[in-house]
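Got the viewer open? Let's take a short walk through this one, starting with the whole chain and then zooming in on a couple of stops.

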Amino acid sequence: LTAMVAHRSWARCRAIAMVMLMAMAMAVRGEGEDEEETPWQQEGWDLRAWDGHVQWDDDVAVLNGRNFETVAGRAPHMLVEFYAPWCGHCQKFEPIYQKVASHMRMEKINVMLAKVNAIEEPTLSQSMGVMGFPSLYWYAYGRMRSYEGGKRNSSMVEWISFHARRDAVHVVHSNREAEDLLEAMGAEEAVIGRFLHHHSVEAMAFMIAAEEDDTSYPNSSMPYVMVLEARGLGVARLGSEAGEERQEGELQGPAMGPSLVLRRSQAAGGGSVVLGRWFQPPKWHQLPPERRYALFDADRIKSFVATYRMPRVVELTGKVWRRVLQSPVRNQTLLFSDPFSPGHEQRMAAFAAVAEEWFGKVLFLQISSNFTSVLKYFGLTASDFPAVVVAVAGHEETDKGEMYRLDQSRPQFNLTTVAMAASSSSSSSSSS
């Protein structure tokens, strides 16, 4: 250490010393003494075998107030139905639910389908906010959300199979393995996280975010790659600066502890962006401190990925429609302009210049005249093109917010005029 101090900065010396201490601690601890895994993380875990206190109705688990929290917290994926015996809809739904449960078992999909008699369990039903029957809730790694799939046999199988898929998270043990995996997959974009254990709090948040990322459902999903370093992360080669972007897309930069990087596709601008506390999702300041200051929170990760996987200007197509609807950035500026119309390139250039400055705070969309439903929503027709609309989101989810249409007949608001003026000003300054 004396030699290190003589030739290196104290900060680097301290980092090296910490790595050495972590390595010594892991050596003392022993390789085979890792934290105990929960049953569902063990290979070949049997849903029925882990707890004999759960009763089964064919392939559906029957839960109550005494065992509900335990099962929900330990099953990797669970769909639970709250029903009333006298409910006609529940009676019609029962054979469908049983059939789906049997299908999951025969296909060896690691998911539990359960049901709760809401009439016999009023306290549990009230705590879940059950308002009607049947009510379906989805649990993934202990976190609950409303079931968003259909109630027919085929649509339920499709939704459950997608969200309980084993490849939602790919687990590797080095950066090289991660690179080789993404290359073999031909993945242009990916979310890569580094963790000590896959059952740590940070890794669990990563897994939840991956499971809930259904922007490409049901066709495909963005790869989430978990790099595990069982003997300590040390100086993990992941960028750690606030808002740091890498053009080469390589995992670089010093970082201690768990890290997460989003590799962006070329269509979104390429490079990589590293998650940090600098990223604040909408209304994040309203959350309690234990969540507000947690870097690895599932909702923060989801919002970060959904925001930065988008390009500066989104050309609205059917392929990105779902991403736009699920984007956490609710404020929007929309350019209504057809690609082959006169002045379109100049308008897009001016639009992109503004988008560069407001990226992450405002979603910039270019919309063609063939999206008639969008035009109708904003009260426009193809004859109104080109047009620019600023849509300010409301405070509540049900609040439509406010919309402002910029008058393109006025030079100071006309994108073509602004773009041409900026272009000529740039040309004259460069020639001088």
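Start with the surface switched on. The chain exposes about 23,300 Å², and 53% of that comes from carbon and sulfur atoms. Bear in mind as you look around that this is a predicted model.

Now swap the surface for a cartoon. You'll find 14 helices and 19 strands in the chain. Of its 432 residues, 46% count as buried. As for how the chain meets itself, take the contacts between residues at least 6 apart in sequence: 67% of them join residues at least 24 apart.

**First stop: a hairpin**

Select residues 135-140, which is strand β5, and add residues 143-146, strand β6. The two run antiparallel, with four bridges joining them. They make a hairpin with two residues between the strands. Click on Y141 in that turn: its phi is positive, at about 55 degrees. Then show W138 and look across to β6. Which residue is its bridge partner there? That's R145.

**Second stop: a serine in a helix**

Jump along to residues 298-308, helix α10, and pick out S303. Is S303 buried or exposed? It counts as buried, because its relative accessibility is 7%, and the cut-off for buried is under 20%.

To see what is in contact with S303, leave aside the neighbours within four places in sequence and show F279, P281, P282 and P328 as sticks. Each of these four residues is in contact with S303.

Conventions: Residues numbered from 1 in each chain as written. Predicted model: local features only at pLDDT ≥ 70, side-chain atom pairs only at ≥ 80, totals over all residues. Heavy atoms only, no water. Buried < 20%, exposed > 50% of the residue type's maximum accessible area, 1.4 Å probe, protein only. Contact = heavy atoms within 4.5 Å. Areas by Shrake-Rupley, 256 points an atom, 1.4 Å probe, with all protein chains shown as cover. Pairing = 2+ DSSP bridges.
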